Amino acid sequence: MKRKKRVPESCFSPFDLLSEEIVFMILDFLNENPIDNKSFSLVCKSFYALESRHRKFLKPLLSEHLTRVLKRYPYVSALDLSVCPRITDASLAIISACCKGMLTSINLSRPKFFSHLGLSNLVMNCTNLVEIDLSNATELKDSGAAAIAEANNLEKLWLIRCKSITDIGIGCIAVGCRKLKLLSLKWCLGVGDLGVELVAVKCKDIRFLDLSYLPITNKCLSKVTELQHLEQLTLEGCFGLDDDGLAALKLGCTSLETLDISSCGNISYKGLSSLTTAAKGLRQLVLSYGTRVDAALADSLKKLSMLQSIKLDGCHVTYPGLKAIGNGCVSLMHLSLSKSVGVSDEGLASIVAKHKNLKSLDITCCRRITHVSLAHITNSCNSLVSLKMESCTSVSAEAFVLIGQRCPLLEELDVTDNDIDDEGLKSISWCTQLLNLKLGICLNVTDNGLIHIGMRCSKLKDMDLYRSAGISDVSVSCIAHGCPELETINLSYCSSISDSSLMSLSKCSKLNTLECRGCPWITSLGLAAMAVGCKQLTKLDVKKCHNIDDAGMIPLANFCLNLKQINTSFTCVTDVGLLSLSSIKCLQSMTVLHVHGLSSGGVAAGLLACSGLTKVKLHSSFKSLLPQAVLEHLEARGCSFQWKDKSSFQVEELDPKSWKLQSALESVH
């Protein structure tokens, strides 16, 4: 009798006992970090297969790997090719053959080199496509639009900056894509009234329509009013529209919830008053850089009882206007007055007193307001989640203490270029829900205040300390240890920062963006520590860190495999360091100015080896030194060049106080 072959115990995995549903639930929690998904798939063969079936979204870096990647993940339904420098008709043919009916969404918003033939092949084979993003396809013509029109199930289409498409192409899309619910034609300068009218007549299910900066007139708006399901209409920069055109909207658009008429200089309160008669369900209104905000305009908003958000950025605002908005817009929760002229203590007090449930307030560059405004804001709006008040230079240091005392729910605070001091920061540290804190150009802030932020704001994800000269390694270390969720930090021109800060930050494993330009004490030693500890780093700026050399680049190449953007200008990197970066397949953008250790041969070799580059900034002297054949090859691969001719004498930097004074003088003149 034959004995059964014994299966080695090492071949058995307890994970094989888990059901597919349980494994998929585990994978749902790993979507934030692609490295986690990769590690998961390497546990065992069954996990490898399950991860393949679970993956529904892909964002490839290079088109050369499409065949292999799509075979590995046959159930992908959404494909984002926005970071691929080169997508050709052949690339789209591969996608068509591999994905077919599985594909429902594709993003082609950045790549070049494909034509209407590739698009036609794509939509003919991938018949279940419901989303296509073709933004920035500036060479795409009406033939490409005709190809898109074959996607009969299409519901969402982005054509931002497709400047070569005309009314004829849009007409084809309108006829073929009757199920469209979202259409963005922003900056499609070849599309006019006829194209918009065709969309309005044929695509009755449109809910989101963006016509920003189109050369349209009042004529087409009467057709737009017939869209019974329209929820969001964006007309930013449509200079051909006036009050008469907006009045046409009162005949329909009863479903409208969001309207953007910013930068429409010919629209006044009269047109707005006509609209509010019909669109009583409006929840968000954007009037930025437009008409004067006075009592007459505010009165036209009284009928909008459901209005929750108003943006008045860059407008001339009057006290009667703000007071009337405060009295009339009873549901207001979000108010933006960024760079608005005429905002005063009296006006702000009148509006915040009426809206104690305000969630977000933007008063950036409202330089007339003082501590009085901040006292009224914090006293009335205790539920604030976001407060942006960059360059409110008339607010005294003592007033910032009120923020921490009265607004405990704040998640976002921008006090860039203000007189806030350590006492203010100590108070703000009690806002323990803070996720985003901007303290750039706050010259009165020192370690003594910042330490309190590190001790209490453990949820902090983004911190900006640009040109805050009073901080040192002590407070940065406290932030690094107290804020484990930190993802972004800007230490540029904090001249006392050294390697010690980077070594502390290397413990923040979720850090993806580090800006530390102009920090003379940072060396390759600190950068190497960052590379080892922060493997999720995607953006790095070490411009004018003169002590960084190849010894800092090599660890980056070995550990920071997700790095997408780097600036090494004015450093001591040589050909060796530049070439080492070529092993980072994700690298897309590189700025290398005034790096004296580089030769033309080294630059050429480094650029050729970095296969994923889409943008490179070089000194103009290299334009004549690099072989023309190399430049043409890189451009054909999808890489664009920006040639800078900044002189080396611009290396010298002003100290923060002198820089701030100079900036103020320049803004006056």
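**Helix packing, a pocket and a cavity**

Helix 14 and helix 15 are roughly parallel to each other, a term for angles under 35 degrees, in a model that is predicted. Helix 14 spans residues 319-328 and helix 15 residues 345-352; they pack at an angle of about 5°, with axes 8 Å apart. Their contact (heavy atoms within 4.5 Å) involves Y319, L322, K323, I325 and G326 of helix 14 and, from helix 15, E346, G347, L348, S350 and I351. By class, this contact of helix 14 with helix 15 has five nonpolar, three polar and two charged residues, where Gly counts as polar.

Residues are numbered from 1 along each chain as its sequence is written. Local features need pLDDT of at least 70 and side-chain atom pairs pLDDT 80 or more, whereas totals for chains, interfaces and linings use all residues, and side-chain values use heavy atoms, without hydrogens and water.

Turning to open space, the second largest pocket has a volume of about 720 Å³. It is lined by 29 residues, of which R110, P111, K112, N136 and G638 are the closest to its centre, and this lining comprises nine nonpolar, 13 polar and seven charged residues.

As for enclosed space, the structure holds three cavities of 30 Å³ or more, a cavity being a set of points on a 1 Å grid where a 1.4 Å probe fits but cannot get out. The largest cavity, with a volume of about 50 Å³, is lined by I261, C264, I267, S268, L272, L287, G290, T291 and L297, a lining with six nonpolar, three polar and no charged residues.

The protein chain averages a pLDDT (the predictor's confidence in each residue, from 0 to 100) of 91, and 93% of the residues score at least 70. Over residues 648-652, however, pLDDT stays under 50, and the model has five contacts beyond four places in sequence for these residues.

Definitions and conventions:
Axes are lines fitted to C-alpha atoms, for helices over the stretch in contact, and angles run from 0 to 180 degrees between N-to-C directions. Helices (H or I, at least four residues) and strands (E, at least two) are DSSP runs, numbered from the N terminus. Angles under 35 degrees count as roughly parallel, over 145 as roughly antiparallel, 65 to 115 as roughly perpendicular and the rest as oblique. On a 1 Å grid over the protein atoms alone, a cavity is a set of points where a 1.4 Å probe fits but cannot get out, and a pocket is an open set with protein on both sides within 12 Å along at least five of seven lines; lining residues have an atom within 4 Å of a point. Grid points are joined across faces, edges and corners, and a volume is the space filled by probe spheres set on the points.
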